[in-house]
Every structure is written in structure tokens, then in C-alpha cells.
Amino acid sequence: MAYPRLFARPRTSVAIALVALASGCATVSSELAPTEVAAFSRNRPGAELPRGWEPMIIARTKSPTRYELVVDSESQQVVVHAYADRAASGLKQRLSIDPADRPTISWRWRVSRLIEGADNTDRHAEDSPVRLVLFFDGDKASLPAAEQAKLDLARLVSGREMPYATLIYIWENRLPVGHV
């Protein structure tokens with residue numbers, strides 16, 4: 001698959017998904033989307049998830065991940081704790097930002113246990129306990145015809161509009177930090 005230019009439009013919508021055990025695509029819309037991530041740390045333990053964060057179902061045949069706001073024992077900050085057992089779901093928040101103006105993203109995560117047997121170099125064993133997924137809007141008509149056909153086929157199969165581009169950061173079992 002060819003890699004499209006991510007910053008082709010002056011205003012780009014991004015959906016951030018904090019995903020446990022699987023990832024997927026969601027329709028991205030810039031209408032009424034906030035420009036700042038709703039931080040988990042600004043809430044109290046046991047509270048509802050911050051406004052703007054919503055479930056993202058990846059596979060309806062798998063259990064949903066359960067989320068709870070708790071105090072992290074090391075940082076003493078409120079964090080989201082994900083409970084997943086053979087799950088394929090996540091959390092997403094839609095944002096409207098211009099990546100050219102705000103090109104840096106930072107986050108912290110802690111994983112208590114890796115997924116034994118996961119191998120992200122093998123599509124049949126690919127898995128990760130956490131992922132940060134960024135979806136980008138863009139002019140799909142500017143993509144090569146083969147890429148447009150792949151997006152159309154994915155939409156027909158999934159029933160969802162596919163993003164113009166996707167960038168995924170994962171917690172990987174075997175490869176070195178920074179590997180692409």
C-alpha cells in the first residue's frame with residue numbers, strides 16, 4: 001500500500017483510539033470535534049470516562065474491554081485501566097487539529113503482561129496489549145486508483161468509512177523500541 005501524504009489539507013481531523021488488544025478504523029468527522037484530548041488524569045477515580053471518549057467496537061464477536069479510572073500507584077495520577085480478556089475493542093476520541101501546527105504527541109502507558117505468542121511481523125500472530133491509533137482525514141480522490149479501490153472494498157466489507165491515512169503505535173513483544 002502506498003503511503004499518502006498525511007498533511008495534504010490545512011485542517012485535518014484525527015480520531016485517537018486507545019485500544020486494548022485490537023485496532024480498527026472509525027469514521028472521522030471534524031464537525032464539532034474538540035481540539036484538545038480529554039485527559040483521564042483530570043477526573044476522579046471511579047468517575048465516568050472524560051467527555052468525548054467513547055467505545056470503539058472492533059469485533060462484535062469478542063468481549064468488550066472494560067475501562068475504569070483508577071489512581072496509578074507510581075505516578076499517583078488518575079489513569080484509565082483496561083481489563084481485557086480476548087477482547088477486541090477500545091476507546092476513541094475525535095479531534096480537529098492541524099498536525100502541521102501541532103506535530104507532536106505524547107502519552108504514557110503501562111502494560112502488566114504481554115500477549116504470549118504475539119508476533120507483529122506475522123499477520124496471523126499480530127497482536128498488542130495496547131495501541132495508540134491516529135486516523136487522518138484527507139482528499140481520498142487524490143490517492144491512486146488502486147488505493148481508492150482498496151478503501152471502497154474495505155468500506156463495503158466493514159460497513160465503515162475508512163480514514164485517508166492511519167498511524168499506529170503499539171506495545172511490541174519482540175522488536176526494538178523505535179522499530180517501524
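Let me begin with a definition: a residue is called buried under 20% relative accessible area, exposed over 50%, and partly exposed in between, with a 1.4 Å probe and protein chains only as cover. By that scale Glu126, at 37% relative accessibility, counts as partly exposed.

Two remarks on the source. This is a predicted model, in which local features need pLDDT of at least 70 and side-chain atom pairs count only at pLDDT 80 or more, while totals for chains, interfaces and linings use all residues. Residues are numbered from 1 along each chain as its sequence is written, and side-chain values use heavy atoms, with hydrogens and water left out.

I turn to the overall architecture. The protein chain contains one helix and seven strands; here helices (H or I, at least four residues) and strands (E, at least two) are DSSP runs, numbered from the N terminus. Their order along the sequence is β-β-β-β-β-β-α-β. Of the 180 residues in the protein chain, 34% are buried. Taking a contact as heavy atoms within 4.5 Å, I note that among contacts between residues at least 6 apart in sequence, 74% join residues at least 24 apart. The exposed surface of the protein chain comes to about 11,700 Å², and carbon and sulfur atoms supply 52% of it; accessible areas come from the Shrake-Rupley method with a 1.4 Å probe, and for residues only the protein chains shown count as cover.

Next, the aromatic residues. Rings of Phe, Tyr and Trp (its six-membered ring) pair if their centres lie within 6.5 Å; planes under 30 degrees apart are stacked, over 60 edge-to-face, and the rest tilted. How many aromatic pairs does a search of the whole structure find? It finds four. In one of these, Trp107 and Trp109, the ring centres are 5.6 Å apart and the planes stand at 70°, so the pair is edge-to-face. Trp107 is partly exposed at 33% relative accessible area, and Trp109 is partly exposed at 26%. Trp107 also pairs with Tyr169, in a tilted arrangement with 4.9 Å centre to centre and 50° between the planes. Because Trp107 lies in the loop between E5 and E6 and Tyr169 in strand E7 (residues 165-170), this pair ties together parts that are 62 residues apart in sequence. Tyr169 is itself partly exposed, at 32%. Trp107, Trp109, Tyr169 and Trp171 form one aromatic cluster.

Two of those residues recur at the surface. Ile105, Trp107, Leu167 and Tyr169 make a nonpolar surface patch of about 310 Å². Patches are made of residues with over 30% relative accessible area and no salt bridge, with like charges joined within 9 Å and nonpolar side chains (Val, Leu, Ile, Met, Phe, Trp, Tyr) within 5 Å. Ile105 is placed in the loop between strand E5 (89-97) and strand E6 (131-136), and its relative accessibility of 33% makes it partly exposed. Val133, in strand E6, is buried, at 0%. From Val133 to Tyr169 the C-alpha distance is 6.4 Å, although 36 residues separate them in sequence.

Finally, the charged residues. Side chains of opposite charge can pair when their charged atoms come close. A salt bridge is a side-chain nitrogen of Lys or Arg within 4 Å of a carboxyl oxygen of Asp or Glu, and the count by this rule is nine. Glu36 and Arg102 form one, with the closest N and O atoms 3.5 Å apart. Since Glu36 lies in the loop between strand E1 (12-20) and strand E2 (54-57), and Arg102 in the loop between E5 and E6, the pair ties together parts 66 residues apart in sequence. Arg102 is partly exposed, at 38%.

The Glu126 with which I began meets Arg131 in a salt bridge, at 2.7 Å from N to O. Is Arg131 buried or exposed? At 5% relative accessibility, Arg131 is buried.

In the helix, Lys150 forms a salt bridge with Glu147, the closest N and O atoms being 3.6 Å apart. Why are Lys150 and Glu147 separated by about one helical turn? Because they are three residues apart in helix H1 (residues 145-158). Lys150 is partly exposed at 44%, whereas Glu147 is buried at 7%. A network of salt bridges links Lys140, Asp152, Arg155 and Glu161.
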